Amino acid sequence: MCIQNLYRTMKNRFYLLLTLVMSLSFLSCSSDEEDEPLVPVRAPYSIEMEVGEKHGIVDVGSSVLISMDPYVATVTPYGQISAERVGRTWIQIDGKQIVDVLVYPHYTLYNTPYLYFGTPIIEVRKALGKPNVESANSYVYYENNVVISYYFLEGFLSEVQVSVPAAYYNILVPFLNERYSLAAAYGRGNVIADYVDELNPSVAYMCIRLGITNSYYTVTYYPVVPIKVPVQEQPVVEK
């Protein structure tokens, strides 16, 4: 009974936090942008920003400004750059890549896992080193307070799951929002929300599923299109 009560409390807190974060994001986007002081950026320029920051390109005149990746950063016709998610992009001015924008996170709960799906198991081991726990179909690594599990389908990386202790629930939602785009939020069951790595889910490479199990939250990364396991050619048997 105590475990069930803890489970319900964790879910309720998480849904409340998720709703609060989404509401604050909406209010921030709908507020008068002119009220926020902008840091002037003169092109050509390289700029480093934290998620949520706004900077401004000065002397744009009648130039046409385009962000090469609005998932990472957007730009208004008047030159205001908004850091949306962690990553790197360019701002084009009249068709030329002028402003190099690098967006950093505010929250760092764990390092981004190895997410090259379809990679052979031996290559994953070379990249990450010896796992703390291993089996024929999985590698498990301990990183600070989280556990990162890599799962393999017939020897090829097919899924990655990060287990996060319940104590970090107030960090996990903003941590994910800084990196991924919320695709769906659920109000029941063990699945809390789905994220993708693109603004348009139909062209996303990866889905990130936020769930809950016992006293842990789980973040599961998997490809939108399942990996294709290479077909092993059968040896020709001479008759």
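Here are three short exercises on aromatic rings in this predicted model.

Residues are numbered from 1 along each chain. Local features need pLDDT of at least 70 and side-chain atom pairs pLDDT 80 or more, and side-chain values use heavy atoms, without hydrogens or water.

**Exercise 1.** Classify the aromatic pair of Tyr110 and Phe175 and place both residues.

*Solution.* Start with the rule: ring centres of Phe, Tyr or Trp (its six-membered ring) must lie within 6.5 Å, with planes under 30 degrees apart counted as stacked, over 60 as edge-to-face and the rest as tilted. The whole structure holds six aromatic pairs. In this one, the centres of Tyr110 and Phe175 are 4.7 Å apart and the planes 50 degrees, making the pair tilted. Next, place them: Tyr110 is in the loop between strand 8 (96-104) and helix 2 (121-128), and Phe175 is in helix 3 (residues 169-177), 65 residues apart. Helices (H or I, at least four residues) and strands (E, at least two) are DSSP runs numbered from the N terminus.

**Exercise 2.** Decide whether Tyr110 and Phe175 are buried or exposed.

*Solution.* Buried means under 20% relative accessible area, exposed over 50%, partly exposed in between (1.4 Å probe, protein chains only). Tyr110 has 3%, so Tyr110 is buried. Phe175, at 1%, is buried too.

**Exercise 3.** Classify the ring pair of Tyr180 and Tyr221, then find what joins the side chains of Tyr221 and Tyr110.

*Solution.* The centres of Tyr180 and Tyr221 are 6.1 Å apart and the planes lie at 70 degrees, so this pair is edge-to-face. Finally, the side chains of Tyr110 and Tyr221 share a polar contact of 2.7 Å (N or O atoms within 3.5 Å, one able to donate a hydrogen and the other to accept it; residues adjacent in sequence count only if both atoms are side-chain atoms).
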